[in-house]
Amino acid sequence: MPPEAIATDVLIIGASASGLMCAIEAGKRGRRVTVLDHANRPGKKILMSGGGRCNFTNTEVSADNFISHNPHFCKSALSRYTQRDFIALVDKYRIPYHERDHGRLFCDNSAKDILRMLLEECKKAHITIHLDCHIQSLDKDEHKTFTVRTSLGTFQPGSLVIATGGLSIPRMCASPLGYKVAEQFGHHIWPTTAGLVPFTLQPHDKERLADLSGIAVACLVSNARIQFRENILFTHRGLSGPAILQISSYWKAGETININLLPELDVVDFLKARRATQANTRLKTLLSRVLPKRLILALLGEDTVDKPLQELSQRHMEEIARLLQHWEIKPGGTEGYRTAEVTLGGVDCNELSSRTMESSKVEGLYFIGEVVDVTGWLGGYNFQWAWSSGWCAGQVV
Ligand SMILES: Cc1cc2nc3c(=O)[nH]c(=O)nc-3n(C[C@H](O)[C@H](O)[C@H](O)COP(=O)(O)OP(=O)(O)OC[C@H]3O[C@@H](n4cnc5c(N)ncnc54)[C@H](O)[C@@H]3O)c2cc1C
């Protein structure tokens with residue numbers, strides 16, 4: 001080792017969810033571990049996650065909750081370090097948490113609890129964390145030694161772990177370093193796109209729906225591949241809310257999505273039954289019992305909503321049902337990485353070991369967390385992937 005090299009067995013780039021988990025596990029095995037991050041504090045995304053309460057995992061986790069070009073890849077890691085293992089760690093630190101819809105687990109108090117727990121575990125495992133550290137170059141020579149030049153000096157670790165996350169939220173220190181390193185070492189990268197991200201609208205929809213900002217409705221949102229039953233939220237920029245974020249990860253530019261605003265109701269039967277008993281009631285009065293008035297008006301138009309039920313023909317009722325239950329909307333685009341929670345695509349799983357996350361091309365090189373082509377649904381799955389993949393690498397680095 002050259003005299004100027006800073007001693008470490010394992011060098012991890014990225015001091016957030018996956019990097020810290022990997023560091024803890026490797027440190028417990030007695031390895032000398034250094035974690036580098038260019039941010040001025042560790043775990044920035046943990047702190048901003050789940051609206052500040054960190055949806056740290058889910059009670060039910062399976063490969064079906066993830067998107068990847070190799071849907072089987074995540075199974076091994078998820079089964080070796082499960083949501084129950086992470087919950088046990090949270091319990092050990094007596095962090096209060098609660099369960100929300102769809103098995104999502106959130107801190108009662110703050111995401112800071114999760115970060116504090118990870119940093120405490122790092123301390124116990126004698127991990128060195130350097131912040132404000134900039135990576136200048138990364139190489140591996142013919143003696144199979146990595147040389148990582150940084151603003152703090154040079155490291156020559158036996159194992160190099162890339163835990164730099166995706167491209168989402170650049171102002172939170174996201175960078176493409178992980179993808180660049182993968183490419184440098186000959187890895188294939190699946191093209192990256194923003195996932196779990198709000199939609200923007202085409203100009204005519206933006207105008208038509210402008211007054212709906214702030215309205216949330218429980219819906220069934222679908223496309224040809226998948227469906228999600230959750231809330232949608234109208235915003236001044238477009239469409240958001242959990243159902244929209246979920247489907248955005250399955251959306252390709254130019255596609256339409258289908259929104260069923262009344263998934264529980266047979267609308268034609270409902271209208272017919274009410275027409276028989278409340279013939280003079282106006283459509284808007286009836287529908288405002290099940291949907292916000294402003295939304296009904298925007299979708300059906302003033303002429304239709306002002307009609308008394310007795311004026312509605314079968315054809316009218318079918319058309320109303322179509323507009324409310326098969327609302328086809330073609331988003332203008334997404335808000336992109338600026339607001340996306342995750343990045344789809346990334347380092348090709350077929351070139352990594354599913355058991356250890358080690359590169360099949362370069363011995364001693366590992367990729368963990370979001371930089372890998374494994375993207376979870378909304379609901380704590382992305383953190384679970386970070387914990388599981390970080391834990392697996394931590395057993396062997
Ligand atoms: C607003 C928001 C809310 C979210 N909420 C949730 C949630 O509640 N539940 C959930 O499961 N998931 C959530 N996610 C997703 C989750 O935060 C990520 O999937 C997870 O943090 C990925 O962990 P990671 O360790 O792979 O990467 P990251 O957490 O992104 O960490 C990467 C680290 O690498 C560092 N880094 C990057 N580039 C460089 C470089 N060039 N040099 C040095 N260091 C570098 C970064 O500073 C960062 O510390 C949310 C994401 C966002 C943006």
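Modeller: Before we start, two strands pair if DSSP finds at least two bridges between them; strands (E, at least two residues) and helices (H or I, at least four) are DSSP runs, numbered from the N terminus. This is a predicted model, where local features need pLDDT of at least 70, side-chain atom pairs count only at pLDDT 80 or more, and totals for chains, interfaces and linings use all residues. Residues are numbered from 1 along each chain as its sequence is written, and side-chain values use heavy atoms, with hydrogens and water left out.

Colleague: OK, how many bridges join β9 to β10?

Modeller: β9 covers residues 135-140 and β10 covers 146-150. The two strands run antiparallel, with I135 opposite T150. The number of bridges joining β9 to β10 is five.

Colleague: Which residue in the turn between β9 and β10 has a positive phi?

Modeller: β9 and β10 form a hairpin, and five residues sit between them. In that turn, a positive phi of about 65° belongs to K144.

Colleague: Where does the chain go in the sheet after that, and what is the partner of V148 in β11?

Modeller: β11 (residues 153-155) pairs with β10 in the antiparallel sense, over three bridges. In β11, the bridge partner of V148 is F155.

Colleague: Which strands stand at the edges of the sheet with β9, β10 and β11?

Modeller: That sheet is open, has four strands with mixed pairing, and reads β1-β11-β10-β9. Each edge strand has a single partner, so one side of each is left without a neighbour in the sheet. The edge strands are β1 (5-6) and β9.

Colleague: There's a three-stranded sheet too; why do β4 and β6 each have one side left without a neighbour?

Modeller: The order in this open sheet is β4-β7-β6, with antiparallel pairing. β4 (55-58) and β6 (97-100) stand at the edges, so one side of each lacks a neighbour because each has a single partner strand.

Colleague: And which residue in β7 is the bridge partner of Y97?

Modeller: β6 and β7 (residues 104-107) run antiparallel, joined by four bridges. The partner of Y97 in β7 is C107.

Colleague: Switching to helices, is the packing of α1 and α14 roughly parallel or roughly antiparallel?

Modeller: α1 (residues 17-28) packs against α14 (residues 381-394) with axes 7 Å apart, at an angle of about 30°. Angles under 35 degrees count as roughly parallel and over 145 as roughly antiparallel, so α1 against α14 is roughly parallel.

Colleague: Last one: which strand gives the largest share of the lining of the second largest pocket?

Modeller: About 470 Å³ of space lies in this pocket, and of its 19 lining residues, T193, S249, W251, K252 and L344 are the closest to its centre. β5 (66-67), β13 (189-195) and β21 (342-347) each supply at least two lining residues. The largest share, three residues, comes from β13.

Definitions and conventions. On a 1 Å grid over the protein atoms alone, a cavity is a set of points where a 1.4 Å probe fits but cannot get out, and a pocket is an open set with protein on both sides within 12 Å along at least five of seven lines; lining residues have an atom within 4 Å of a point. Grid points are joined across faces, edges and corners, and a volume is the space filled by probe spheres set on the points. Axes are lines fitted to C-alpha atoms, for helices over the stretch in contact, and angles run from 0 to 180 degrees between N-to-C directions. Angles under 35 degrees count as roughly parallel, over 145 as roughly antiparallel, 65 to 115 as roughly perpendicular and the rest as oblique.
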